[in-house]
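Good morning, and thank you for coming. Please look at the sequence and the model as they appear, and keep both in view while I speak.

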Amino acid sequence: MKKTTATLTVQEKIRLLTGKDFWHTDDLDGKIPNITMSDGPVGLRTERTGEDGKTFTIPAVAYPSIQALANTWNPECARVMGECLADDCRDRGVELLLAPGVNIKRHPLNGRNFEYFSEDPQLAGTLAKAYVEGVQDSGIGVCLKHFCCNNLEYDRLHQTSDVDERTLRELYYRPFEIVCEAKPVSVMCSYNRINGEYAAEYRKGFDFLRDECGFDGAVVSDWGAVRDRTASVKAGLDLEMPHGEAGMEKLARDLQEGSVTEGELDVCVGRVLQLVQRLKEMGKGKENKRTEAERAAAARGIAEESIVLLKNNGVLPLKKDALLSVSGIYAKPDQTDYLSGGGSAAVRWLENTADLPAALTARGFSCAYEPAFGVSVVHSFRQNARTAVLNAAKSDVNIVCVGTGGRVEFEEGDRLTMRLPEVQERVILDSAACNPNTVVIVFAGAAVDMSAWEDSVAAILYAGFPGMGGAEALADILTGKVNPSGKLSETFPLAVEDVPAAGTFRSAGVTRYQEGLDVGYRYFDTYDVPVLYPFGHGLSYSEFFYRDLRLSLEDGRVIAEYVVENVSGRDGKEVSQVYVGEDVPLVYRPKKELKGFSKDLIKAGKCVKVRVGLDFRAFAHWNAARDTWTVTDGVYTVSVGASAEDIRLTAKLRVEDGKFVL
């Protein structure tokens, strides 16, 4: 029998609106089923309590970070990761996955950027939607997070993100809006305030999700984000997590005093009951699609598509008889948190598979290895930088593995700098001085300032946080078995000072989003500010030629069709990107904005015809005067490129009396 609000006492209703403990909803002493939740956007962080009373984490498959997943630009990779995570959840009795995060990368020093997809809402929303579909179609629910404007960890429990309505609509709400098409069963509020209102009490935002995005699930608090349980109930926050005795007492007291009604409680209780019932129904009859070994193989496949070749003077792929030197503790770390971010997204790997020297040796290469430096420290007794440089001098190709990891990038803190530690930069520069064929592999979850050494090396691979399959994926790319196809999902600026958000007002309680729409490539492109590597950049061992852009109309949409040809002798995948810009806007608009993309496998010497649909919203801006989306009459340019900077094709169209004219 399905329970309804009418079958519950007032006290049971109050109990149901808070967690039973840290990871479960209340079962009302067996009267209703409860649900089990877990962190784990890139691998489950399932906690258990041992017989000794101590908490431990169950090892799990470690997938590439969300940031690395975004670098695939491949919705199918996102869907596969979701399916694999659903299998992991089922194995561990988890019914609600607290993921994914779709917050926009406004500032490169945000400590949680490795958990988020992109600086662009279209890319973030599209990939997150596929991820959610993968999880939920497999019988497990998701909790989409963090709604909203949690774009720095700085004082996240108290500070307010002051953002104008148009910027909210076009950037920070947009990925949530796209993902809501996949019907996530729940959304998690953030800790911070939005324009002075705590996210747990942000009725305007919850109304946007429910009334405009079609969200029909439950709103869940981030853990400890509720300040006033009555105010959050009246705003529409359904479930407080974890268990909150003080919140229950306040609700009971305020109900008695009349400042909250039982009817208001019933609205939230109804959505929690619906969440429980929905999850139980979703899981019925569902079985795992992949074994654990197959999930680990999928993690490796995703890593292969996520790794970005930033620079290459021809040294890659490696020649078969090349004598190699490998240095840097990230090539063979003794702890896996060197290759992943910290906090709620941390994963205890099933096994430490990170051994690039061994992977290269297994592929027939002679390889000398030296750790060279410790993690984020200048002095260490176990590493010898001089040996690394000597090895480089003796080798044909020198590979230096550098990065950040969970001690630099983590929840509750922001990075202090975009630069790598000095000891890492020294090894790059010193070994490159001895060997011009130096390849740098960067393990990091966000943009890195490479200005000190980028010109001194022959090639750069951005591995991100690639998960358990990272070493094998890198070895296959280095040796040419796999053709790199990842592209950057965020701009790499020359320096953090070049980012508009870095110079905006911030005090003990307020962060002003003064840059408005000028986030990421929107700013650098519009104001012609040089960057290290642009949004969407990524090289291949193949060469691609773009041609024959044609616009047409179909069912009220603009269809962009074009041809991408592989003019090399090697099969490869290419990510082509479609941008839209208004030539003479009536209100301020960035020069161009991403509105579609396609990743296609193109055989050597062959071509593919790509077709990308652009609907009304691809051309619209939020009209603050009318509180609606508007397409202004005028001229628009549709651009197709290999990156935000590398535009290959353009075509124009007009809008007259609200209609597209070609």
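**A paired strand, the enclosed spaces and one aspartate**

Val-575 has Lys-599 as its bridge partner, and Lys-599 belongs to strand 23. Before I continue, please note that this is a predicted model.

Let us stay with strand 22, which covers residues 572-582. Strand 22 and strand 23 run antiparallel and are joined by 9 bridges. Strand 22 is also joined to strand 27, residues 634-641, by 6 bridges, and this pair is antiparallel as well. In strand 27, Tyr-636 stands opposite Glu-582. How many of the 11 residues of strand 22 are buried? The number is 10, so strand 22 is largely enclosed by the rest of the structure.

I turn now to the largest pocket. Its space comes to about 460 Å³. The lining consists of 28 residues, and those nearest the centre of the pocket are Gln-122, Arg-174, Ile-178, Lys-595 and Asp-615. Which elements each supply at least two residues of this lining? They include three helices, namely helix 4 (121-136), helix 5 (165-172) and helix 6 (174-179), together with strand 23 (593-602) and strand 24 (607-614). By class, the lining of the largest pocket has 13 charged, 11 nonpolar and 4 polar residues.

Next come the cavities. The structure has 7 of them with a volume of 30 Å³ or more. The largest cavity holds about 120 Å³ of space. Its lining is made of 14 residues, with Lys-105, Arg-106, Pro-108, Glu-119 and Thr-491 nearest the centre. This lining divides into 6 nonpolar, 4 polar and 4 charged residues.

The second largest cavity holds about 90 Å³. It is lined by 15 residues, and Val-42, Tyr-63, Leu-339, Ser-340 and Val-347 are the closest to its centre. How many charged residues does the lining of the second largest cavity have? There are no charged residues in that lining, which has 11 nonpolar and 4 polar ones.

Finally, I should like to consider a single residue, Asp-476, which is found in helix 15, residues 470-479. Is Asp-476 buried or exposed? Asp-476 counts as buried because its relative accessibility is 2%, and the cut-off for buried is under 20%. The side chain of Asp-476 makes a polar contact with the side chain of Arg-363, at 2.9 Å. Leaving aside residues up to four places away in sequence, Asp-476 touches Arg-300, Glu-304, Arg-363, Lys-481 and Val-482.

Thank you for your attention.

How values were computed:
Residues are numbered from 1 along each chain as its sequence is written. This is a predicted model: local features need pLDDT of at least 70, side-chain atom pairs count only at pLDDT 80 or more; totals for chains, interfaces and linings use all residues. Side-chain values use heavy atoms; hydrogens and water are left out. Helices (H or I, at least four residues) and strands (E, at least two) are DSSP runs, numbered from the N terminus. Buried means under 20% relative accessible area, exposed over 50%, partly exposed in between (1.4 Å probe, protein chains only). A polar contact is a pair of N or O atoms within 3.5 Å; within protein, one must be able to donate a hydrogen and the other to accept it, and residues adjacent in sequence count only if both atoms are side-chain atoms. Contact means heavy atoms within 4.5 Å. On a 1 Å grid over the protein atoms alone, a cavity is a set of points where a 1.4 Å probe fits but cannot get out, and a pocket is an open set with protein on both sides within 12 Å along at least five of seven lines; lining residues have an atom within 4 Å of a point. Grid points are joined across faces, edges and corners, and a volume is the space filled by probe spheres set on the points. Ala, Val, Leu, Ile, Met, Phe, Trp, Tyr, Cys and Pro count as nonpolar, Asp, Glu, Lys and Arg as charged, and the others, Gly among them, as polar. Two strands pair if DSSP finds at least two bridges between them.
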